[in-house]
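Here is a friendly walk through one chain, in questions and answers. Have a look at the sequence and the model before reading on.

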Amino acid sequence: ATGGYASDYSEDSLLKEHRPDLLKYATTNNKGTTGDGHKLALAVGAKPLDLDDVQVHPTGFFNPQEPDNKVKTLCAEITRGEGGIVLDS
């Protein structure tokens, strides 16, 4: 368990390698989830398992002042369950 790699949009991104279809979406992971632990393990010969299984959470808070920010704040399940309105653009 290395914390994931869903915030890695670099050229050698594991997300780009294993799930390029998800690169167009923002992430609710913090900016530190760049797959460094995975990359270290792979560099010394570890065998990857299920790196194409990436959890995608459908709701994140959108900041209109930073529309291109790839990192969003997770909108908790309780917010949606308590009368929050989810808009589909």
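Q: Is Asp21 buried, partly exposed or exposed, and what is its relative accessible area?

A: This is a predicted model, in which local features need pLDDT of at least 70, side-chain atom pairs count only at pLDDT 80 or more, and totals for chains, interfaces and linings use all residues. Residues are numbered from 1 along each chain as its sequence is written, and side-chain values use heavy atoms, leaving out hydrogens and water. Buried means under 20% relative accessible area, exposed over 50%, and partly exposed in between (1.4 Å probe, protein chains only). Asp21 is partly exposed, at 40%.

Q: Which residue forms a salt bridge with Asp21?

A: A salt bridge here is a side-chain nitrogen of Lys or Arg within 4 Å of a carboxyl oxygen of Asp or Glu. The closest N and O atoms of the pair are 2.8 Å apart. The partner counts as partly exposed, with 22% relative accessibility, and it is Arg19.

Q: How many residues apart in sequence are the parts tied together by Asp8 and Lys39?

A: The side chains of Asp8 and Lys39 meet in a salt bridge, with N to O at 2.7 Å. Asp8 lies in the segment before helix 1 (14-18) and Lys39 in helix 2 (residues 36-43), so the pair ties together parts that are 31 residues apart. Helices here are DSSP runs of H or I with at least four residues, and strands are runs of E with at least two, numbered from the N terminus.

Q: Which residue is linked with Asp8 and Lys39 in a network of salt bridges?

A: Within this network, Asp8 is buried, with a relative accessible area of 4%. Lys39 is partly exposed, at 22%. The residue that joins them in the network is Asp12.

Q: What is the N to O distance between Glu11 and Lys16?

A: Glu11 is exposed, with a relative accessible area of 69%, while Lys16 is partly exposed, at 35%. The two form a salt bridge, and their closest N and O atoms are separated by 3.0 Å.

Q: Which residues does Val54 touch, not counting residues up to four places away in sequence?

A: Val54 belongs to the largest nonpolar core, alongside Tyr5, Leu14, Leu15, Leu22 and Leu51. Such a core is a set of buried Ala, Val, Leu, Ile, Met, Phe, Trp, Tyr and Cys residues joined through side-chain atoms within 4.5 Å. Contact means heavy atoms within 4.5 Å, and by that rule Val54 touches Tyr5, Leu15, Arg19 and Leu22.

Q: What pattern does the chain follow along the sequence?

A: The chain holds three helices and two strands. Read along the sequence, their pattern is α-α-β-β-α.
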